[in-house]
Amino acid sequence: MEHAIYLVTLVGAALVVAAAFSSLIAFRFGAPLLLLFLCIGLATGTDGLGIQFDNARLAYFAGSLALAVILFDSGFGTPLNALRQAAGPALSLATIGVLLTTGLFGVVAYYLLDLSWLESFLLGAAVASTDAAAVFFLLRAGEINLRERVRSTLEVESGTNDPIAIFLTISLVEIIAANASPEARVLITDLALGFLLNMGLGAIVGIFGGLAIVRLVDRLNLDHGLLPIFVLTLSLMVFAAAGAIGGSGFLAVYIAGLIAGNSDIRAVTILKRFQDGMSWLAQIIMFLVLGLFATPSQFPAILLPAVLLGLFLIFVARPIAVWLCLMPFRLPRPEVAFVSWVGLRGAVSILLAITPLLGGLENGRLVFNTAFIVVLVSLVIQGWTVGPLARRLGLIVPARLGPLDKVELELPGSAHHELLAYRVAPGSPVARGERIPRWARPSLVLRDGRSMRFQDMGRLAAGDHVYIFVPDRYPALLDKLFASRAVVDPEDADFFGAFAVDPARSAAELEAAYAPGLTEEERKLTVGDLVTERLGGHAEYADRVLIGPIELIVRDVDDKGKITGLGLSLEPTAPVARVPVFLSAGEIADRVVGFVRNWRKRIKKQSAEAPVDAERSPQPVVEKATDEG
């Protein structure tokens, strides 16, 4: 017995170490990390090194707990401004998008596999949600600096679509296991009512659970080593409590993390570091367990239809669902195209495919194997192309800041202040003599191993370590002072235009200087308001507006979305790759209005020319008759 304990511990630890080392390969080559984790599990499983693991209940239990940890960390790290910016598109994708994907995929699965209609939709529900871990690892590994709107949409969608897919999957498993054959109307009604109850209870428990976590952390004077474990345990209690009363535990734990992460919770820096590590561990364990549970020798029997389903999901089902969901939001076509492509399937899909086995369904293993192959197809095809596609669509923008060496130090009893330690980077504004604001005067400066007061140091130099005690709402402003200049690729050298334009200047001055053809109303605006209006009321870093012969580029915006810096280019950049599909509702409306306007112009023109032709056409006849007479 003792020998078995050592052996299991050794094998389990070796697998985790191997997965951790594989992340270095993934960062080096930009490979999908989830794919490497799954391959390690497959290589050590039944058809690999021979480790036997076929306990579906244990695999589902471990995967569910790991997913709860990942979702809490995902909510904890989602800022409210990202949620506000992407709430509409992301929640549309997480609800309607999941339903559309389930339906489209289920129809095709019915004709390609030997499954009933309900089993086909069950398979569709299992693969309907995207995997946040896979998507954002690829963005980090490839150093892809996406536009904030696109990144926020993908982040919020990935964090909120899992509960909907889980509810659909479990509900369909229960219906099939009960040998029920409800009418379509009854099925849709029951699912809708069950969905509202499940999500409603989960949301309520998540809200109160998140508030309770914040209150307990602030009230209890726990040791800093114990505090992260305490918060993690509370998050799992929220997850379990919501599930115990019939709600969505996964939605509850995500909302609890969202509330806790956006509050003035104590020791937030320590919590973020601990949860980041726990999230990595949870991902590794979940992926390895699911890889061990699979049996690759069973794949060849269904390989062709499963691969076809994976291709249909990538090239048809996901794009159609994304287009229909994002149509009302007037997003640019390149952004819609990118969101539709970055719909990677991952561990959640494989985890949900275990539920038919738990329900004892006859075709449970077929559903699991098909879902596993679909996930592999998604990772292989989409996982390697995220970076190149983002560049092709023009969605990558230069980084705002260059390298920044910064450490946040937690202060006991100070929820609204931070002690920041900066290392002055060469080429940073402070190294070039930029003044530090009065409210952020350093408390201590270290130079060449000697500590001095800031007043005695004179001008800061590269390599100095500066300690500043500031309110928690100002660190972003200081980052700009202590960061070095961002490295801009040669092809992006003119990204922000050759000239700077003050957003507060009048747009009339712009008209006088460059004659871009502004209307009378637009000339009354400031240049910043003009750009914001042309962008539909919301400006984002690196947005571009073409006005006649000039192009205005947003260089910076403040926390409230107001433009604080603009660039002007007299040589507008070449347009990004055109996407022939993914028209938004606004674009469709514009085209319809344009078509109607042009049609009316043609009608008016024809009606104006018709009387002239009518008067001219009989004239020769009259003259001829007169001559003959």
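This briefing describes selected features of one protein structure, grouped by topic. The model is predicted: local features need pLDDT of at least 70, side-chain atom pairs count only at pLDDT 80 or more, and totals for chains, interfaces and linings use all residues. Residues are numbered from 1 along each chain as its sequence is written, and side-chain values use heavy atoms, with hydrogens and water left out. Among the features covered are an open sheet of four strands, eight salt bridges and a nonpolar surface patch that includes Trp-599.

**Sheet and packed helix**

- The open sheet has the strand order E6-E9-E8-E7, with antiparallel pairing; strands (E, at least two residues) and helices (H or I, at least four) are DSSP runs, numbered from the N terminus.
- Strand E6 (499-501) and strand E7 (544-547) form the edges, each pairing on one side only; two strands pair if DSSP finds at least two bridges between them.
- From one strand to the next, the twist averages 30°.
- E6 and strand E9 (residues 563-569) run antiparallel and are joined by three bridges; Ala-500 has Gly-567 in E9 as its bridge partner.
- Helix H22 (residues 527-534) packs on the sheet and touches E6, E7, strand E8 (550-557) and E9, where contact means heavy atoms within 4.5 Å.
- The direction of H22 makes about 85° with that of E9; axes are lines fitted to C-alpha atoms, for helices over the stretch in contact, and angles run from 0 to 180 degrees between N-to-C directions.

**Buried elements**

- Helix H13 (residues 333-341) is largely enclosed by the rest of the structure, because nine of its nine residues are buried; buried means under 20% relative accessible area, exposed over 50%, and partly exposed in between (1.4 Å probe, protein chains only).
- The buried residues of H13 include the charged residues Arg-333 and Glu-335, as well as Phe-338 and Trp-341.
- Ser-235 lies in helix H9 (residues 227-244) and counts as buried, at 0% relative accessibility.
- Leaving aside residues up to four places away in sequence, Ser-235 touches Phe-72, Ile-213 and Val-253.

**Salt bridges**

- The structure holds eight salt bridges, each defined as a side-chain nitrogen of Lys or Arg within 4 Å of a carboxyl oxygen of Asp or Glu.
- Arg-447 and Asp-464 meet through their side chains in one of these, at 2.7 Å from N to O.
- This pair links distant parts of the chain, 17 residues apart: Arg-447 is in strand E3 (residues 444-447), and Asp-464 is in the loop between helix H18 (454-457) and strand E5 (465-471).
- Asp-464 counts as buried, at 2% relative accessibility.
- Glu-509 and Arg-505 form a salt bridge whose closest N and O atoms are 2.4 Å apart; Glu-509 is partly exposed at 39%, and Arg-505 is partly exposed at 43%.
- Glu-520 and Arg-523 form a salt bridge at 3.4 Å, N to O, and both lie in helix H21 (residues 520-523), three residues apart, or about one turn of the helix.
- Glu-520 is exposed at 54% relative accessibility, whereas Arg-523 is partly exposed at 29%.
- Glu-511, Glu-520 and Arg-523 are joined into one network by salt bridges that share partners.

**Nonpolar surface patch**

- Ile-588, Val-592, Phe-595, Val-596, Trp-599 and Ile-603 form a nonpolar surface patch with about 530 Å² of accessible area together.
- Patches are made of residues with over 30% relative accessible area and no salt bridge; like charges are joined within 9 Å, and nonpolar side chains (Val, Leu, Ile, Met, Phe, Trp, Tyr) within 5 Å.
- Accessible areas come from the Shrake-Rupley method with a 1.4 Å probe, and for residues only the protein chains shown count as cover.
- Ile-603 is in helix H23 (residues 585-616) and counts as partly exposed, at 38% relative accessibility.
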